Amino acid sequence: MKKHRFATYIILVFLIVACVDVVFSLIIDGTTKGSFNQKIDWTRQKDADVAIIGASRASHHYNPKIFEDSLGLNAINYGIDGRNIYVHYAVLKSLIAHSMKPSTVILDVSGVDEYDMPGFNKERISILHPYVNDTTVSEILEDLMDPAELAFVRMSGLVRHNSGLLQYIKENANKNDDGKGYVPLFNTWNYELEERAEAMKEDPEKLRYIKKFIATCKENDIDLIIVKSPLYSKSSSRDGRDAIERISLQMGATYFDFEGDTLFLAHREWFSDPDHLNHEGATQFSNMIIKKMKVLESNKTAKKANNP
């Protein structure tokens, strides 16, 4: 009798959880109308000639309006704070699948895109869970997730939306007013330059996705510029080319490394913190990248003229 009663309780609890799961999913889906992340949604809604992709250093370092004024091209910043190459690749694939593919992509990379960094590895793809039914995103999740875990994400709204709910609230509380994705920082870093000891292990899976990102741009005739933007710090262990630079050279991708750039190290007032430029620094940096882009375009035009 006790065993029967216990089994009844288990079934009852399961049914209650299942009902809560369904109701929760209906409420979230109805409230968000399928919109869980502003930048990911933009890949389905906004076309860009110049697409800026990356994490927080992308969102804070590149002002699309400066690119538009100088280049005469439509530019959008799709940078999403706290993510890595897995999400960057999903943004690229979504842009190609749902929008007019950009002519140029600027991919801003950092250590989270090449090194094994607990807390910044595959767990960062949770932001993609609400888009699990999108074919483009689903293919990436299938590649990166355990099949049982992915099945659970597909089945359960609580699991699917849990990781993205706070992000959704944050996105809607801080909507980007200019519609271009740039998020300026206005405070100034007032501390002395510090030296960082960085002896980190390369992550083969992340580097595989760097290669996939480059290959996808090549397959779609997209000009790719990979950038490591400035830091207000010096690395005591950095020696020679990093993995992303090596891969870029091997695959013929344009690569610019500004992490130890002396000009920016001489201007502490251009930084909001050691990892991020403030608005003044972003203005300087955006103009610097534009100059690089103009040189690249001029070289491309000259090459075509010499090889009709």
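**Strands, helices and a pocket in a predicted model**

Trainee: In which sense do β1 and β3 pair, and over how many bridges?

Mentor: In this predicted model, β1 and β3 are paired strands. Valine 50, for instance, stands opposite threonine 104 in β3. The sense of the β1 and β3 pairing is parallel, and the number of bridges is four.

Trainee: How many bridges join β1 to β2, and which residue of β2 is the bridge partner of isoleucine 52?

Mentor: Strand β1 covers residues 50-53 and runs parallel to β2, with three bridges between them. Alanine 51 has isoleucine 76 as its bridge partner in β2. For isoleucine 52, the bridge partner in β2 is asparagine 77.

Trainee: What is the order of the strands in the open sheet?

Mentor: Five strands form this sheet, and their pairing is parallel. Its edge strands, which pair on one side only, are β2 (75-77) and β7 (254-257). Neighbouring strands are turned against each other by 15 degrees on average, direction ignored. The full order is β2-β1-β3-β5-β7.

Trainee: Are the residues on the two faces of β1 buried or exposed?

Mentor: In a regular strand, side chains alternate between the two faces of the sheet. In β1, Val50 and Ile52 lie on one side, while Ala51 and Ile53 lie on the other. Both faces are covered, and all four of these residues are buried.

Trainee: Which helix lies across β1, β3 and β5, and at what angle does it run to β5?

Mentor: Two helices may be considered here. Helix α4 (residues 64-71) packs on the sheet and touches β1, β2 and β3 (104-108), its direction making about 165 degrees with that of β2. The helix across β1, β3 and β5 (223-228) comprises residues 204-219 and runs at about 150 degrees to β5; it is α9.

Trainee: Why does serine 110 count as buried, and with which residues is it in contact?

Mentor: Serine 110 lies in the loop between β3 and α6 (135-144). Its relative accessible area is 17%, and because buried means under 20%, serine 110 counts as buried. Leaving aside neighbours within four places in sequence, the residues in contact with serine 110 are Arg57, Lys228 and Glu259.

Trainee: Is glutamate 195 buried or exposed?

Mentor: Glutamate 195 is found in strand β4 (residues 194-196). In space, its C-alpha is 5.6 Å from that of serine 235, although the two residues are 40 apart in sequence. Its relative accessibility is 60%, and because exposed means over 50%, glutamate 195 counts as exposed.

Trainee: Which element gives the most to the lining of the second largest pocket?

Mentor: This pocket holds about 500 Å³ of space. Its lining has 21 residues, and those nearest the centre are Asp223, Leu224, Thr254, Leu296 and Lys300. The elements giving two or more residues to the lining are α9, β5 and α12 (279-306). With six residues, the element that gives the most is α12.

Trainee: How do the residues of that lining divide into nonpolar, polar and charged?

Mentor: The division concerns the lining of the second largest pocket, which comprises 21 residues. Its residues are ten nonpolar, five polar and six charged.

Trainee: What percentage of the residues of the protein chain count as buried?

Mentor: The secondary structure of the chain comes to twelve helices and nine strands. Among contacts between residues at least 6 apart in sequence, 83% join residues at least 24 apart. Of the 308 residues of the chain, the share that counts as buried is 47%.

Technical notes. Residues numbered from 1 in each chain as written. Predicted model: local features only at pLDDT ≥ 70, side-chain atom pairs only at ≥ 80, totals over all residues. Heavy atoms only, no water. Pairing = 2+ DSSP bridges. Axes fitted to C-alpha atoms, helices over the stretch in contact; angles between N-to-C directions. Contact = heavy atoms within 4.5 Å. Buried < 20%, exposed > 50% of the residue type's maximum accessible area, 1.4 Å probe, protein only. 1 Å grid on protein atoms, 1.4 Å probe; cavity = no way out; pocket = protein on both sides within 12 Å on 5 of 7 lines; lining within 4 Å. Points joined across faces, edges and corners; volume = space filled by probe spheres on them. Nonpolar A, V, L, I, M, F, W, Y, C, P; charged D, E, K, R; others polar.
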